[in-house]
Amino acid sequence: MALLQLAQDAFRRSHPASVMGWAAVACYALYHKYLNKPVHPLYHFCLLLVVPAALLALLQAIHRISVAQECGYALFYWLVMASATVVYRISPFHPLANYPGPLAAKISKLYLAYLTAKGRAHEDVRALHSKYGDVVRIGPNELSFNRSDAIQTIYADKTMPKGPYYVARTNLAGVVQLDGVRDFKEHARRRRPWNKAMNSAAIKSYEPIVSSTASQPLGELSRRIHNDVNISDWMSFYGFDFMGRMVFGREWGMLKEGRDVNDYWHTMDKCLTIVSWSSQIPWSVPIIRLMKPPPEVLKMQKISDDSATARLTSEGSRVKDLYYYLLNEDDSSKSELTRDECISEGVVAIVAGSDTAATALTHLCYYLLTHPDSLKKLRQEIEEAYPTLGSELDDLSRQAEMPYLNACINETLRLLPPVLTGLQRSVTAGSGAIIAGYFVPEGVDVSVHHYSVHRNSQDFSPIPDTFWPDRWLDQDAYVLPNGDVIGKGEVRTNRGAFMPFSVGPQQCAGKNLAMVELRAVACGLFRRFDLSLSERMNICDYEKGLRDAYTTVRGPLYVKLKPRKE
Ligand code: HEM
């Protein structure tokens with residue numbers, strides 16, 4: 001009672017503006033602690049709306065202020081909060097004050113969300129590294145590294161869980177997707193069935209699906225040799241049909257029809273774009289989720305759920321597909337995953353595995369078409385391995401031993417990794433962490449920027465920006481694209497800096513399968529067809545048209561195809 005009386009007296013004696021101002025500063029102290037963290041929307045609601053509303057009600061009762069004054073004081077409250085946020089973030093007292101970066105990035109993650117929404121964040125963040133150095137403050141509490149010696153600490157040492165960027169990775173039924181699981185122990189439980197589904201014996205058992213799906217686009221394309229073919233589209237048709245068979249044992253029919261049946265893949269691209277920018281502002285995710293989901297998201301969730309549910313209610317697999325292992329159909333024990341988790345895993349596999357592989361294959365075509373010498377060398381290697389036309393999908397294990405094929409794929413994934421961005425992790429240790437020699441305090445989010453580190457001349461030289469597959473070969477001397485010959489000592493290829501599938505316990509679960517399918521399609525395509533760029537293609541625009549939406553959104557790549565005779 002006495003306390004209430006005291007508060008009332010204080011309110012009576014103070015000017016309303018000073019009450020609102022000091023309350024805003026106090027609330028900010030609480031708010032800034034959680035601003036970039038996943039907290040319940042009620043928390044934001046309370047600090048932003050309930051507190052000022054309660055104060056205004058009190059002030060109204062005591063000072064009899066008008067409605068216009070109430071609105072003014074409410075605005076003042078929010079303004080003080082916003083100003084306190086900005087001042088603290090750019091002040092020398094902020095724990096990241098010594099790290100360079102653009103002012104807008106220091107103030108708000110909205111800056112990175114804006115770059116992401118523009119679609120060229122991979123180039124933009126690389127430009128920031130060129131301007132500010134190896135470590136850049138890309139958000140108020142976030143650092144981007146362009147240093148290969150940061151990779152192990154951030155991703156492999158199991159000390160830094162995924163950051164708040166991943167809060168959006170929960171489906172509409174509330175199930176956290178595998179790639180959104182941030183707790184290491186829970187992640188290990190969810191990941192176990194995947195590791196079984198992707199071990200070498202399982203990968204071998206998928207080879208019939210890989211061979212039959214990889215041969216399908218070749219058949220369909222041979223019927224279209226008189227037209228320009230958008231190979232980018234065809235790689236997506238392939239990627240989705242392959243994953244449809246792999247995961248659900250189901251035909252999407254994209255290759256057969258030569259179009260995006262059900263608009264599935266375009267819908268997915270739209271969803272990824274929304275998710276990619278909203279993930280940059282994690283506190284917006286629970287708020288967005290309170291609203292009605294966009295129709296694209298609903299549509300995609302439905303198609304995926306229906307396919308997964310149909311597969312789960314079927315009597316088991318006809319072929320050994322992903323669910324064969326996820327549901328433990330290979331032995332009698334019960335699956336470790338709940339039914340909802342199983343459905344979610346199927347959806348993740350489609351999202352994670354279809355477009356990424358399609359992007360890698362399209363980029364491989366792009367680089368080989370613009371580097372005819374490399375294409376010639378590759379074709380020679382394929383012809384030596386598979387002298388008979390049509391045999392190139394017979395024994396896929398041979399392809400893992402083809403050095404130039406693997407060099408071309410690696411070089412493509414280096415220059416244009418399908419996941420271009422840095423994958424966020426959080427420093428959670430109370431004592432902070434030392435990353436690549438830099439001290440990073442607790443509560444800071446960190447990442448190694450894929451696109452930048454893959455082109456860093458410290459790790460890939462010479463000509464780090466040029467497609468030059470030879471850098472992956474082990475030779476005594478190397479011929480550069482301009483004809484110069486250089487010795488082994490002048491070539492630096494740091495495989496530890498190569499992370500298109502990420503690194504550590506949360507790296508890509510489908511890496512081995514992806515490599516099998518990339519090799520198979522490349523062998524089939526370049527063995528059976530002569531590819532050239534179509535005249536309608538302005539090839540300089542291809543890279544400029546790529547959009548970084550966490551995974552890559554591609555424009556068209558028109559080619560002409562000529563079947564090879566032998
Ligand atoms: C060239 C093709 C591919 C690339 C470049 C690629 C890349 C990646 C990357 C970088 C991650 C880490 C994502 C993160 O931490 O945010 C990832 C995760 C994942 N990928 Fe792939 N991926 C490819 C193909 C595939 C395929 C074919 C599958 C499925 C069979 C697959 C399934 C997954 C899954 C399930 C995860 C989540 C893993 C986890 O969180 O434990 N990926 N992928």
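This tour moves through the structure one selection at a time.

The model is predicted: local features need pLDDT of at least 70, side-chain atom pairs count only at pLDDT 80 or more, and totals for chains, interfaces and linings use all residues. Residues are numbered from 1 along each chain as its sequence is written.

**The ligand and its shell**

Begin by selecting the ligand. Around the ligand are 22 residues, of which A352, G353, T356, C508 and G510 come nearest; a residue is near a molecule if its C-beta atom, placed from the backbone, lies within 6 Å of it. Select next α17 (339-370) and α21 (511-528), each of which supplies at least two residues of this shell. Helices (H or I, at least four residues) and strands (E, at least two) are DSSP runs, numbered from the N terminus. The most is given by α17, with seven residues. Coloured by class, the shell shows 15 nonpolar, five polar and two charged residues. Here Ala, Val, Leu, Ile, Met, Phe, Trp, Tyr, Cys and Pro count as nonpolar, Asp, Glu, Lys and Arg as charged, and the others, Gly among them, as polar.

**From α21 to α18**

Keep α21 in view and add α18 (residues 372-385): the axes of the two helices come within 10 Å and cross at roughly 100°. Axes are lines fitted to C-alpha atoms, for helices over the stretch in contact, and angles run from 0 to 180 degrees between N-to-C directions. This crossing makes α18 roughly perpendicular to α21, a term for angles of 65 to 115 degrees. To see the contact, display L378, R379, I382 and E383 of α18 together with C523, F526 and R527 of α21; residues are in contact if their C-beta atoms, placed from the backbone, lie within 7 Å. The contact residues divide into four nonpolar, no polar and three charged.

**The four-stranded sheet**

Turn now to an open sheet of four strands, ordered β1-β2-β7-β4, with mixed pairing. Two strands pair if DSSP finds at least two bridges between them. At the edges are β1 (135-139) and β4 (425-426), each pairing on one side only. Helix α7 (residues 121-132) packs on this sheet, where it touches β1 and β2 (142-145), and its direction makes about 130° with that of β1. On the other edge strand, β4 pairs with β7 (residues 445-448) in the antiparallel sense over two bridges. Within that pair, S426 stands opposite D445.

**The three-stranded sheet**

Another open sheet has three strands in the order β3-β15-β12, with antiparallel pairing. Each of β3 (229-230) and β12 (529-533) has a single partner strand, so one side of each is left without a neighbour in the sheet. Two bridges join β3 to β15 (residues 558-563), and N230 stands opposite Y558.

**Two backbone details**

Most residues other than glycine have a negative phi, and most peptide bonds are trans. Select S461 and P462: the peptide bond from S461 to P462 is cis, with omega near 0°. P462 is in the loop between β8 (460-461) and β9 (477-479). Then go to K158, a residue other than glycine with a positive phi, near 60°. K158 is in the loop between α8 (151-156) and α9 (184-197).

**Annotated segments**

Finally, select residues 42-59 and 71-90, which the unreviewed UniProt entry annotates as "transmembrane region". UniProt positions are given in the numbering used here, feature names are shortened, and annotations may be inferred rather than shown by experiment. Residues 42-59 are 100% helix and 0% strand, with end C-alpha atoms 24 Å apart. Residues 71-90 are 100% helix and 0% strand, with end C-alpha atoms 29 Å apart.

Conventions:
Parallel < 35°, antiparallel > 145°, perpendicular 65-115°, else oblique. Contact = placed C-beta atoms within 7 Å.
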